[in-house]
Amino acid sequence: MAWDSLADSSVLPLPARLTDDESFIRRTLELAARARGLTSPNPLVGAVVVRDGRVVGEGYHRRAGLPHAEIEALQAAGEAARGATLYVNLEPCCHTGRTGPCTEAIIAAGVKRVVAAMVDPNPLVAGKGIARLREAGIDVAVGVMEDEARRLNEAFIKYVTARRPFVILKTAMSLDGKIATVTGESRWITGEAAREYVHQLRNTCDAVLVGIGTVLKDDPSLTTRLPEGGRDPVRVILDSSARLPLAARVLNQDSEAPTLVATTEVAPAERLAALRQAGAEVLVCGRGPQVNLDLLLAELAAREIVSVLVEGGSTVNASFLLQGLVDKVVWFIAPRIIGGREALGPVGGSGIRHLARAIRLTETVVKQLGADLCVEGYPVYEGAGGACSPA
């Protein structure tokens with residue numbers, strides 16, 4: 001059976017051997033991944049209807065507000081869904097949101113068995129969909145390829161359980177750990193393949209965040225530039241004193257993506273008014289002198305921003321990491337040696353004094369993009385509350 005490959009196969013490595021249930025669940029993950037970056041604030045979901053060992057219908061959730069994966073698959077199957085097994089990578093919903101409950105459609109279609117990779121962590125569902133299906137006499141199995149399913153929807157899981165966006169920190173450095181030369185030159189440390197990968201990340205994240213220092217130095221547009229086009233994320237600028245130039249590209253670039261300026265109460269009122277007049281939305285997050293990142297992330301979540309890509313400099317990187325706010329790291333290493341005692345590294349701040357307190361990465365994956373290496377992993381923080389203490 002010819003199935004399309006997953007958009008990012010490194011996320012879901014193929015097991016050496018698959019059972020039938022695992023094989024069909026894997027197909028749901030492949031289908032779900034087609035909509036990366038398009039379904040927020042909803043999860044990525046794929047569904048497959050199987051009868052007598054043969055796929056009779058499949059579908060995936062394409063965008064928030066459009067039919068859910070189960071509905072697409074059931075419509076494709078038609079009458080063949082009666083007595084069939086429905087495979088889905090996330091528990092079917094049982095509530096009415098932008099669309100109706102999938103559980104009722106599954107029951108009405110006469111499905112005999114449902115296999116779900118994981119329980120939906122959304123408090124509106126959280127096992128209630130499974131209970132409703134079982135109440136209707138449908139056999140339900142849960143937990144097939146659950147780890148892979150959780151990884152695919154890691155941003156959604158963080159968002160619905162913590163009411164915070166999933167934060168990905170991206171940085172690029174030379175082989176000797178520099179993000180710029182001693183004169184501040186940083187374009188481009190990495191090659192084209194790595195830069196295209198960053199644009200793929202922007203295409204799948206709801207927001208991209210930088211500090212005012214990056215804007216003043218580089219004047220970036222923070223848009224997605226891929227050969228096949230792409231979706232521009234919301235642009236978030238950390239700017240405690242409202243220094244953002246009114247001619248900055250993030251305010252004047254031809255893009256439909258909004259620009260949010262996160263500032264503090266120390267910012268002059270006339271500057272805030274000018275930024276609003278220029279088209280920015282101003283978020284006052286704290287009394288200063290620095291933006292309160294906890295308040296900012298809560299504010300972004302309230303705007304249904306599920307994932308944030310941090311592309312800051314050494315100060316911004318240190319703030320997010322040392323406060324334990326980074327969920328995933330994407331770290332590029334270019335085979336260049338820059339040198340210079342005063343040249344900046346990727347993480348500034350006061351640093352961590354003892355190695356025992358250093359931030360560790362788990363589930364690390366190393367891939368080569370052109371001449372550059374990319375290390376991805378999940379930070380493990382020491383100390384109370386998940387934050388990392390410099391002590």
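Before anything else, one term: when I say contact, I mean heavy atoms within 4.5 Å. Hello everyone, and please keep in mind that what we have on screen is a predicted model.

Let's start at helix 12, residues 314-322. Which of its residues are buried? They are S314, V316, N317, A318, F320 and L321. An α-helix has 3.6 residues a turn, so residues three or four places apart point the same way. The buried residues of helix 12 pack against a mixed set of elements: strand 6 (166-174), strand 7 (207-211), strand 8, helix 11 (293-302) and strand 11 (307-310). Just past the end of helix 12 you reach G324, with a positive phi of about 70 degrees.

Now to the nonpolar cores. In soluble globular proteins, nonpolar side chains tend to be buried together. The largest core here has 62 residues, and V49, I106, V114 and F332 have the most contacts inside it. Helix 1 supplies the largest share of this core, with 6 residues. Apart from that core lies another one, of 31 residues, and L209, V234, A262 and V310 are among them.

Let me stay with F332 for a moment. What does F332 touch, if we leave aside its neighbours within four places in sequence? Its partners include the run K170, T171, A172 and M173, then T190, A194, Y197 and V198, and also L369, L373 and C374.

I106, another of the residues with the most contacts in the largest core, brings us to a helix pair. Helix 2 (residues 69-77) and helix 3 (residues 102-109) have axes that come within 9 Å and cross at roughly 20 degrees. Angles under 35 degrees count as roughly parallel, and therefore helix 2 and helix 3 are roughly parallel to each other. The crossing of helix 2 past helix 3 is left-handed. E70, I71 and L74 make the contact from helix 2, while C102, A105, I106 and A109 make it from helix 3. Sorted by class, that contact has 6 nonpolar residues, no polar ones and 1 charged.

Next, some backbone features for those of you who like to check them. Most residues other than glycine have a negative phi, and most peptide bonds are trans. Here, S40 and P41 are joined by a cis peptide bond, with omega about 10 degrees. You will find P41 in the loop between helix 1 (20-33) and strand 1 (46-51).

Then there are M145, with a positive phi near 55 degrees, and D219, with a positive phi of about 50 degrees. M145 sits in the loop between strand 5 (139-142) and helix 5 (146-152). D219 belongs to the loop between helix 8 (212-218) and strand 8 (234-238). Are they buried or exposed? M145 counts as buried because its relative accessibility is 9%, whereas D219, at 29%, is partly exposed.

My last stop is R336, in the loop between strand 12 (328-334) and strand 13 (360-369). With a relative accessibility of 45%, R336 counts as partly exposed. Setting aside neighbours within four places in sequence, R336 is in contact with S174, L175, D176, W188 and I189. And how far apart in space are R336 and R34? From C-alpha to C-alpha they are 35 Å apart, with their places 302 residues apart in sequence.

That's my tour; thanks for listening, and I'm happy to take questions.

Technical notes: Residues are numbered from 1 along each chain as its sequence is written. This is a predicted model: local features need pLDDT of at least 70, side-chain atom pairs count only at pLDDT 80 or more; totals for chains, interfaces and linings use all residues. Side-chain values use heavy atoms; hydrogens and water are left out. Axes are lines fitted to C-alpha atoms, for helices over the stretch in contact, and angles run from 0 to 180 degrees between N-to-C directions. Helices (H or I, at least four residues) and strands (E, at least two) are DSSP runs, numbered from the N terminus. Angles under 35 degrees count as roughly parallel, over 145 as roughly antiparallel, 65 to 115 as roughly perpendicular and the rest as oblique. A crossing is left-handed if the near helix is turned anticlockwise from the far one by less than a right angle, and right-handed if clockwise. Ala, Val, Leu, Ile, Met, Phe, Trp, Tyr, Cys and Pro count as nonpolar, Asp, Glu, Lys and Arg as charged, and the others, Gly among them, as polar. Buried means under 20% relative accessible area, exposed over 50%, partly exposed in between (1.4 Å probe, protein chains only). A nonpolar core is a set of buried Ala, Val, Leu, Ile, Met, Phe, Trp, Tyr and Cys residues joined through side-chain atoms within 4.5 Å.
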